[in-house]
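Trainee: I should like to look closely at a single part of this structure. Would you please choose a place where helices pack together, and then lead me outward from there?

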Amino acid sequence: MSPVLAFLGRRLLGAFVALFVASIVIFAALNILPGDPASVILGRNATPQAHAVLTKRMQLDRPATTRYVDWLTGFVHGDLGVSAVSLAQGQHDTVWQQISGPLKNSAILAAIAAFFMIPLSIGLGVIGPIYPGKPIDHAISVLSLGAIALPEFVTGSLLIGVFFVALDWLPPVAIVPPGGNPLDNPSQLVLPVLTLLFASLAAGVRMVRAGMTEVLQTEYVQTARLNGVAERRVLSRYALRNALAPSVQVLAQNLQWLIGGIIITESVFAYPGIGTTLVNAVQNRDVTVVQSVAMLIAVVYVVLNLLADLVVMLLVPKLREPV
Amino acid sequence: MSDRFRFLRTTSGAIGAGIVLFVVLVAIFGPYLAPHDPAAPVGIPLSGSSSHAWLGTDFLGRDVLSRVLYGGRSVIGYAAAATVLAYMVGMAIGLTAGYARSLVDPVLMRSVDVMLAFPPLLFLLVLIAGAGTSVAVLIIGVAAIQAPAISRIVRTATLEVSTRGYVEAGIARGERAFAVIGREVLPNIMAPLLVDAGLRFTYSILIIASVNFLGLGLQPPNSDWALMISENRTYIQLNPWSVLVPAAMIGLLTIGINLTGDAIARSLGRSYVPRATRSVVS
């Protein structure tokens with residue numbers, strides 16, 4: 001078997017194990033930890049009748065292992081289950097009905113942020129090492145150190161303070177009517193995208209910067225310069241390419257941070273995405289919604305990780321050698 | 001100035017340490033300076049700054065300045081509690097794994113890999129959905145998120161130190177494992193762990209504040225900077241201070257710790273320290 005395939009196989013296996021463990025943790029935290037999910041959903045003042053009805057509707061009389069296996073097989077086949085809170089209200093809303101709209105909204109928000117994030121973090125990360133010790137180098141490194149430390153909800157609140165309260169240029173919320181398209185009103189997406197960019201960009205810039213600094217000190221860059229190769233060509237042909245390979249992994253990591261950041265950012269701007277859906281479900285103790293949404297996010301997270309490994313492997317032939 | 005505080009001589013180190021000191025002093029001594037009861041209404045809701053309430057009032061008419069002065073204790077206290085708890089668990093596992101390799105090592109390494117493949121905030125939200133919103137759940141959850149990575153760092157440091165002559169001498173003298181770990185291993189892995197602990201502390205602040213902001217941690221009517229932001233942000237136009245001042249306090253604290261941590265790492269001669277803050281946050 002070729003080393004590439006072996007590497008791929010190992011990573012795939014690792015990803016499956018991680019997701020399997022994640023599914024057990026999620027299920028256990030939501031079904032076994034609270035003791036009785038039905039009384040959790042109904043709250044303290046539930047009548048015994050309501051409790052019995054919900055237990056029956058959620059099929060909680062079956063053993064936890066059976067429920068776990070059923071949930072996981074359903075999930076793998078694309079059946080995310082039925083919202084527990086809707087069952088308690090005598091309705092039958094599937095989780096998919098609740099999340100398909102928000103999922104699309106979140107994907108749009110994340111895509112816009114990622115679209116700006118990747119070129120910007122490469123661009124800003126490369127400038128510093130090209131002009132070491134110059135004001136622009138200091139400005140970028142101080143700003144990124146500051147930005148990396150701020151939680152999304154603080155960044156978002158401060159941006160609202162500047163662009164809405166002080167300047168009144170941009171709206172402080174991003175409201176999308178059910179079934180509407182967030183792109184219909186692009187100005188309200190500016191602040192959420194900026195908030196997401198601010199945090200994830202800073203980390204990316206620092207990594208690209210570290211990679212570029214290192215590469216610029218290598219012997220092949222020195223040699224190229226001494227041979228009289230034009231500086232522009234040294235940077236683009238010799239330095240940047242080699243600096244970018246390790247950065248790919250970091251950029252993938254940034255995309256993962258986007259997923260976490262999006263949960264908070266959506267809440268700051270009341271944006272109807274998967275993050276606000278999750279937070280609402282946690283507040284309402286809707287265990288089935290939390291269960292499936294959490295699993296879905298974990299899958300996206302692990303897949304991104306896997307893709308990053310793949311791209312890095314394609315860029316750096318060294319890694320393909322068996323260890 | 002002793003060697004240990006060399007980082008204070010750098011500009012960023014001095015600024016960072018100054019900022020942290022300021023915020024911590026506000027958090028500790030703020031409640032004694034507060035002009036009003038943080039839970040009692042003192043005027044018309046959302047009025048602007050006046051001589052009576054310097055930073056105006058919040059959405060229930062409570063004094064914003066007093067709430068800011070009271071609101072730092074929970075931010076710093078809970079984060080410190082979570083970090084200490086995480087370190088207690090992480091040290092126990094990491095020392096065992098590093099010192100008595102065959103026992104826990106493989107299990108530990110795999111479990112850390114799994115944890116790293118799972119968004120931490122998501123883990124916390126799932127835990128809260130299952131166990132309910134309470135401070136105890138929040139602290140235990142944040143500690144659980146951090147313990148695996150800490151144990152990995154402790155293990156690596158222990159492994160390295162365990163092969164040194166002074167440890168082998170201790171074992172050769174017939175000392176018990178506890179004594180060797182306590183007297184020979186621990187003192188020698190302290191320095192790198194302290195830097196790491198600082199970063200973990202920032203991370204604890206970030207994630208606990210984020211959960212409080214989402215309304216899934218500390219509940220009203222407590223004064224807490226993150227909670228203040230989420231309570232008042234709908235009315236930001238009426239009294240911006242009620243949101244911007246607590247936001248600035250949290251921002252100052254995390255930026256200050258990061259600047260200080262960076263300067264310390266540099267003075268220890270490491271050009272690059274992996275940043276715990278973001279790599280685990282979301």
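Mentor: A term is needed at the outset: a crossing of two helices is called right-handed if the near helix is turned clockwise from the far one by less than a right angle, and left-handed if it is turned anticlockwise. Please also bear in mind that this model is predicted.

The part I choose is the packing of α8(A) against α9(A), whose crossing is right-handed. Two packed helices are described by the angle between their axes and the distance between the axes. Here the angle is about 135 degrees, and the axes lie 9 Å apart. Angles over 145 degrees would count as roughly antiparallel, and those from 65 to 115 as roughly perpendicular; α8(A) and α9(A) are therefore oblique to each other.

Which residues of the two helices meet? From α8(A) come A:Glu152, A:Thr155, A:Gly156, A:Leu159, A:Ile160 and A:Phe163, while α9(A) brings A:Leu191, A:Leu194, A:Thr195, A:Phe198 and A:Ala199. Sorted by class, this contact holds seven nonpolar, three polar and one charged residues.

Let us now move outward to chain B. The buried residues of α9(B) pack against α8 of chain A, and also against α2 (64–70), α3 (72–99), α8 (177–213) and α10 (241–267) of chain B. Those buried residues are B:Trp225, B:Ala226, B:Leu227, B:Met228, B:Ile229, B:Ser230, B:Glu231 and B:Asn232. Eight of the eight residues of α9(B), which covers residues 225–232, are buried, so this helix is largely enclosed by the rest of the structure.

The loop between α8 and α9 of chain B contains B:Pro221. Is B:Pro221 buried or exposed? With 12 other C-beta atoms within 10 Å, B:Pro221 is exposed, since 12 or fewer is the limit for that class. B:Pro221 and B:Pro38 are 183 residues apart in sequence, yet 9.1 Å separate their C-alpha atoms in space.

Another of the partners of α9(B) is α3(B), and α3(B) also packs with α6(B), residues 135–162. The axes of α3(B) and α6(B) come within 5 Å and cross at roughly 35 degrees, and this crossing, too, is right-handed. The contact of α3(B) with α6(B) comprises 22 nonpolar, seven polar and two charged residues.

Seen more broadly, 44 residues of chain A are in contact with 43 residues of chain B. Both helices with which we began, α8 (152–166) and α9 (190–216), are among the helices of chain A that each supply at least two residues of this side. The largest share, eight residues, belongs to α13(A). By class, the side of chain A that touches chain B has 35 nonpolar, eight polar and one charged residues.

Finally, the largest nonpolar core has 168 residues, and those with the most contacts inside it are A:Val290, B:Leu124, B:Val126 and B:Ile208. Leaving aside residues up to four places away in sequence, B:Ile208 touches B:Tyr78, B:Ala79, B:Ala82, B:Leu138, B:Val142 and B:Gly217.

Technical notes. Residues numbered from 1 in each chain as written. Chains lettered and ligands numbered in written order. Predicted model: local features only at pLDDT ≥ 70, side-chain atom pairs only at ≥ 80, totals over all residues. Core = buried A, V, L, I, M, F, W, Y, C linked by C-beta atoms within 7 Å. Buried ≥ 20, exposed ≤ 12 C-beta atoms within 10 Å, placed from the backbone. Contact = placed C-beta atoms within 7 Å. Helix = DSSP H or I, 4+ residues; strand = E, 2+ residues; numbered from the N terminus. Nonpolar A, V, L, I, M, F, W, Y, C, P; charged D, E, K, R; others polar. Axes fitted to C-alpha atoms, helices over the stretch in contact; angles between N-to-C directions. Parallel < 35°, antiparallel > 145°, perpendicular 65-115°, else oblique.
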